[in-house]
Amino acid sequence: MHLYNLTLQHPTAIVQAIVGNFSGARQQEIIISHGTRLELLRPDPQTGKVATVIATDVFGSIRSLAAFRLTGGTKDYAIVGSDSGRIVILDYDPKTSSFVKLHQETYGKSGARRIVPGQYLATDPKGRSVMISSMEKSKLVYILNRDAAANLTISSPLEAHKNSAIIHHIVGVDVGFENPMFAALEVDYSESDQDPTGEAFKNAEKMLTYYELDLGLNHVVRKWSEPTDPRANLLVQVPGGQLASSDRFDGPSGVLVCCENHIIYRHMDAPQHRIPIPRRSNPLEDPNRGIIITAAVMHKMKGAFFFLLQSEDGDLFKVTIDHEDEEVKAVKIKYFDTVPVASSLCILKSGFLFVASEFGNQYLYQFQKLGDDDDEPEFSSTSNPSFGMADPSTPLPRAYFRPRPLDNLAVADEIESLDPILDSKVMNLLPNSDTPQIFAACGRGARSTLRTLRHGLEVEESVSSDLPGIPNAVWTTKKKEDDEYDSYIILSFVNGTLVLSIGETIEEVQDTGFLSSAPTLAVQQIGADALLQVHPQGIRHVLSDRRVNEWRVPQGKTIVTATTNKRQVVVALSSAELVYFELDLDGQLNEYQDRKAMGSTVLALSIGEVPDGRQRTPYLAVGCEDQTVRIISLDPDSTLETISLQALTAPPSSICIADMLDASINKSQPTMFVNIGLQNGVLLRTVLDPINGQLTDTRTRFLGTRPIRLVRVRIQKNPAILALSSRSWLNYTHQNLMHFTPIIFDNLDYAWSFSAELSPEGLIGISGSVLRIFQIPKLGMKLKQDSIPLSYTPRKFITHPTNQFFYLIEGDHRVLGDAAVASKLAKLREEGRKIDEEVINLPPEVFGRPRAPAGSWGSCIRIIDPIKAKTVNVLHLEENESAFSLAIVPFSARGGDLHLVVGTAVDTTLSPRSCTTGYLRTYKFNEDGTDLELLHKTETDDVPLSVMAFQGRLVAGVGKALRIYDIGKKKLLRKVENKSFGSAIVSLNTQGSRILVGDMQESITFAVYKAPENRLLIFADDYQPRWVSATAMVDYNTVVAGDRFGNIFVNRLDAKVSEQVDDDPTGAGILHEKGILMGAPHKTSMIAHFHVGDLVTSIHKVSLVAGGREVLLYTGIHGTIGVLVPFVSKEDVDFISTLEQHMRTEQSSLVGRDQLSWRGYYVPVKAVIDGDLCETFARLPASKQSAIAGELDRTVGEVLKKLEQLRVTASGF
Amino acid sequence: MSSELRYTANTQLEHLHARYTGTGHADLTKYEWLTHQHRDTLASIVGHPTLTSYLAIADGEAIGRTKFEMTERMLQPCGPPPKKDED
């Protein structure tokens, strides 16, 4: 078995974000790291929308990012710390729109290791040096400079190691143009490692250490080291240094040390200032819980600066420092606003705040004000003795604020993010859909959602209006060549034409010169200011002064089809003749003297747009009833001569020639594509050679069941093609590559571009008798998302076999559930405490639920109707009970009636895993499944992490024990048990009497239930320990699973063993077999292995295209959706794996990680080909492409076609 | 082991231990080994974004808090060292 790994949806979680002028232009950009992918975002200051400029896989894990700018430069560079053991400096090249690796310096082993730097990065604010540090001991300093040719240079590293020091954070200290300085937060463990009394551990000091890079001596010295708060976690740079032009200081320099519950300002030889982190004045707040700052950003404006610090609850605090030159007078903090908890905050000079939220959608906020003069209480370091440092070990008096909705910020844009996907199902539930949807349980806490993902582009409809009849076609046209917007909408009906004018309103007009008594075949704005209408009886050329020149069809013939552009018109007559017209320089339409007889009825015609600066387009494509497409010359030397011919498998229904950019074929110029839609719903896309007119590189695709209609439109100023069949598709260029994506919209019968003031980039279409105007807002987003909000983090969900509902369990640790909140409030009210209703009723999806100590849970069972996209019912679990697993079981003891069994536990603690009691709750479905009735609760001794229906009974993994239960009157009745599993059973799969048990740490075990003897026996397991996170059965003997470290692997049991076990009626044979390696008597063999780089949360064996092959679809915690596609032939495997080998050498990773060692992070890659790497073939320079294709004995087109075919046939994407 | 290595091995080993924290040796105690293992694991968790997300979701904490607590635990992951025998 060989598999092809293809990512359909790249990870959307943002691990880190940095801001800078990366393209060197005035505009600021944001570079975000998705963990394994780098993306450049460009927020538009006018519209406040964020657009992706470029996104690239790095085939490595990005651990840290930093931006820096050389002194006096105008362009920022990005430094990347990764698991490659190398420091990489990236430059964004706006010309080629790609990241260019400027420097790559190796310093250590690959992998995210304890003492190999890469975890933290700190740059000198003047861009003179960078420090890269590991979690422990190692710190390296590189000096950055320019050479004579103004190129960036990097020195060899200088060491600033400190043995047995754990590093919490590092930051560059702003010292102006003095020697660069770095601050580090370190703890030394050597003493606590030696002291058995634990005294040294208790007194271990966290040191704030300054490292100075002496540029003269080329040496790093430990300049200053002082103990600070033992619970410090984060350092923030404070501006400092003198301006060259004046004596004024930018700031006092130094760092803010963010600790639990307070923030300390510190600098060498300067008094400390301590301020509290304000707490929410919420009566439900847990007073014992500390608060830390998890994200921070400093912003410098002209002559001032401020900090925004975010607490782990999402509250933003504005911190300001009053200073006189270098002397700090006061440090002040006040509440600013509450936004989602961020992994990074970025402030843009244009007045935006980018919040890269750690889970869920990302936001761009616009600053409305800076919170300068509101009545929010401000807390200053001066209000406590010695600036709050009188006794550093005692906490400061608590400061409180009232959380409130956004005041200083306003949402400008929201970027959808699937992260984290915790469970998913793939099925086709929606009506009128021929491909399955992915249902993903996403998000964390109160911001969780259940999302329906459909492959296709999202459509925004602006107008939908009913028409008197059913039109055949619609066009829009401008009046003059240089008009910005369209003026008329022309609708063609069976017996007439309706013209609408576009103005403030859309209304019918009569005096346009168009013939209204006949249907229309084509409409064109021709020449400088004339209009053209083709109808079955002739061609009307409407001049700007409303004079009409009409060409009439010879007696007894009609026009059947026509094609036009700005200067040329071709019509096909019912006598299978072509008539060609061309506009002369006086604006007269002249007929070419000869007519071309085609010999077969013409069904479709197309000419491309007139190329810039040319008189005409030289090629005409003609589709005839005899199942051919001919390319005919329109060149003056060889007018109407046939150049080439392509045979088809069905009569064509529509042809469209369009010049579109596809960088995989030609990087600099648009390619001329001839798209041929057939009557059987197949689309052929061929490339027309501009020199000899031959058709090459044909690609086919099935679009739908209806004959295809093709329309050339403009999307975001680029040509695109709408292909209409039983589904509508859009063929467009995005980030220089061609995409072909369905549009999620009603079926369209005809469509055209539509440009008016209100919708400059719109489309107009007819579906039945309804006229619709719409636009496609987000190109490149291939999955349309529809969300249903949830209350807590979703854990698992299942589908009901007969009704369409989803049953979903949610649970959150360390929060108060709704019931607990109500009872606590009631108690407080009883005590006579005044309760601030406004604070209590703040929406939890923004502010989160009240926090509680470890061991507190909020949980519910939810019934969802995925078709209507709404929650049907919610059952809250009370008394600190939380749900962990669920299954629908047809108990044979109840005649196969379906029951819902939910595995729950009370007072669960995670580490070590324990609970006061577990329960298996058995529910009956009532009212068609919209309600659940609790039948009984069965106690268990551990958390039931997995349950499953098995032969009319229930099988449950309760801690280490696998048990089979049958239903009883008051309880589930335990029938049989096997307790010999490694740590905890997290997944169950079954076929026949076989049960596949996924253990939390010990991989997958094969067990069998022998009914005659009522035995549950283990007969095979894995050689390797695996931290299983998701499993699925591929077939009776094969299982695919993902583990916690981002691997996906396939294990297979030997068919002979399988048979032998099945043939043993009582299991006595297995019982007495000798175990191997202290485990089961048989071992499975690993037949495929791959590191996908994201923690796999669910795997399904599904077919994604109607009638297509089954693939393995997986989802990852960072929002990845990928597929593993089995290869069908040995030739394909050889071909693609050779291509992969070439790609490995050609396409070096942006972070300097070796692709092969990345994909074999923990175990060498086995029998899986990296499709994501192969697909970057399309982005290679043409010379490299042809070199690789030559090595493979193929043309570049053939390689690209093969890659596309693999993607399309497997996933339809 | 070649004769050349036999003479240089000791000095090299010392050098290795100084350079690569966490390298084991013949006299490693169980406690030291375990502490190294835990520190390596904790550092690896903090270094892998997917693992920190996973733990943060399970524990109901912010990622920043999870990373902080993991780093704090590196100081003494397995409790105080056992008392040394007197001899």
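**View 1. The second beta-propeller domain of chain A, as annotated in UniProt.** In this predicted model, we start with residues 460-776 of chain A, the stretch to which an unreviewed UniProt entry gives the feature "domain: RSE1/DDB1/CPSF1 second beta-propeller". Strand accounts for 56% of these residues and helix for 0%. The C-alpha atoms at the two ends of residues 460-776 lie 6 Å apart.

**View 2. The C-terminal domain of chain A, again from the UniProt record.** The unreviewed entry lists "domain: RSE1/DDB1/CPSF1 C-terminal" at residues 859-1178 of chain A. Here the span is 50% strand and 12% helix. Its end C-alpha atoms are 48 Å apart, so take a moment to find both ends before moving on to the loops shown further below.

**View 3. Where chain A meets chain B.** Let us turn to the interface. Chain A brings 59 residues to the contact, and chain B brings 42 residues. Together the two chains bury about 4,300 Å², with 57% of that area on carbon and sulfur atoms. The polar side of the interface has its own tally: 22 residue pairs are in polar contact between chain A and chain B, both partners being at pLDDT 80 or more. On chain A, the elements that give two or more residues to the side touching chain B are strands E6 (62-68), E15 (165-173), E16 (181-188) and E19 (232-237), along with helix H1 (190-194). Sorted by class, that side of chain A holds 26 nonpolar, 14 polar and 19 charged residues.

**View 4. A salt bridge across the interface.** How many salt bridges are there between chain A and chain B? The count is 10. One of them can be picked out here: Glu61(B) pairs with Arg814(A), and their closest N and O atoms are 3.3 Å apart.

**View 5. Chain B, built from helices.** Chain B has four helices and zero strands, and its elements follow the order α-α-α-α from the N terminus on. Of the 87 residues in chain B, 39% are buried. Looking at contacts in chain B between residues at least 6 apart in sequence, 50% join residues at least 24 apart.

**View 6. Asn361(A) and its surroundings.** This residue belongs to the loop between strand E29 (352-357) and strand E30 (362-367) of chain A. Is Asn361(A) buried or exposed? Asn361(A) counts as buried because its relative accessibility is 10%, and the cut-off for buried is under 20%. Its side chain makes a polar contact of 3.0 Å with the side chain of Arg451(A). Beyond neighbours within four places in sequence, Asn361(A) is in contact with Glu414(A), Ile415(A), Glu416(A), Ser417(A), Arg447(A) and Arg451(A).

**View 7. Asp44(A) and a partner far along the sequence.** Asp44(A) sits in the loop between strand E4 (37-43) and strand E5 (50-57) of chain A. With a relative accessible area of 30%, Asp44(A) is partly exposed. Although 306 residues separate Asp44(A) from Ser350(A) in sequence, their C-alpha atoms are 9.2 Å apart in space. Setting aside neighbours within four places in sequence, the contacts of Asp44(A) are with Gln27(A), Lys49(A) and Phe352(A).

**View 8. Two cis peptide bonds in chain A, at Pro420(A) and Pro912(A).** Most peptide bonds are trans, and here are two bonds to compare with that pattern. The bond from Asp419(A) to Pro420(A) is cis, with omega near -10°. Pro420(A) lies in the loop between strand E33 (409-415) and strand E34 (421-427) of chain A. The bond from Ser911(A) to Pro912(A) is also cis, with omega near -5°. Pro912(A) is in the loop joining strand E72 (897-906) and strand E73 (917-926) of chain A.

**View 9. Positive phi at Asp907(A) and Ala1167(A).** Most residues other than glycine have a negative phi. Asp907(A), however, has a positive phi near 50°. It is placed in the loop between E72 and E73 of chain A, and Asp907(A) is partly exposed, at 31% relative accessible area. Ala1167(A) has a positive phi as well, near 55°. Ala1167(A) occurs in the loop between helix H9 (1155-1159) and strand E91 (1168-1170) of chain A.

Notes:
Residues numbered from 1 in each chain as written. Chains lettered and ligands numbered in written order. Predicted model: local features only at pLDDT ≥ 70, side-chain atom pairs only at ≥ 80, totals over all residues. Heavy atoms only, no water. UniProt positions renumbered as here; feature names shortened; annotations may be inferred. Contact = heavy atoms within 4.5 Å. Buried area = accessible area lost by both parts, 1.4 Å probe. Salt bridge = Lys/Arg side-chain N within 4 Å of Asp/Glu carboxyl O. Polar contact = N/O pair within 3.5 Å; in protein donor to acceptor, adjacent residues only side chain to side chain. Nonpolar A, V, L, I, M, F, W, Y, C, P; charged D, E, K, R; others polar. Buried < 20%, exposed > 50% of the residue type's maximum accessible area, 1.4 Å probe, protein only.
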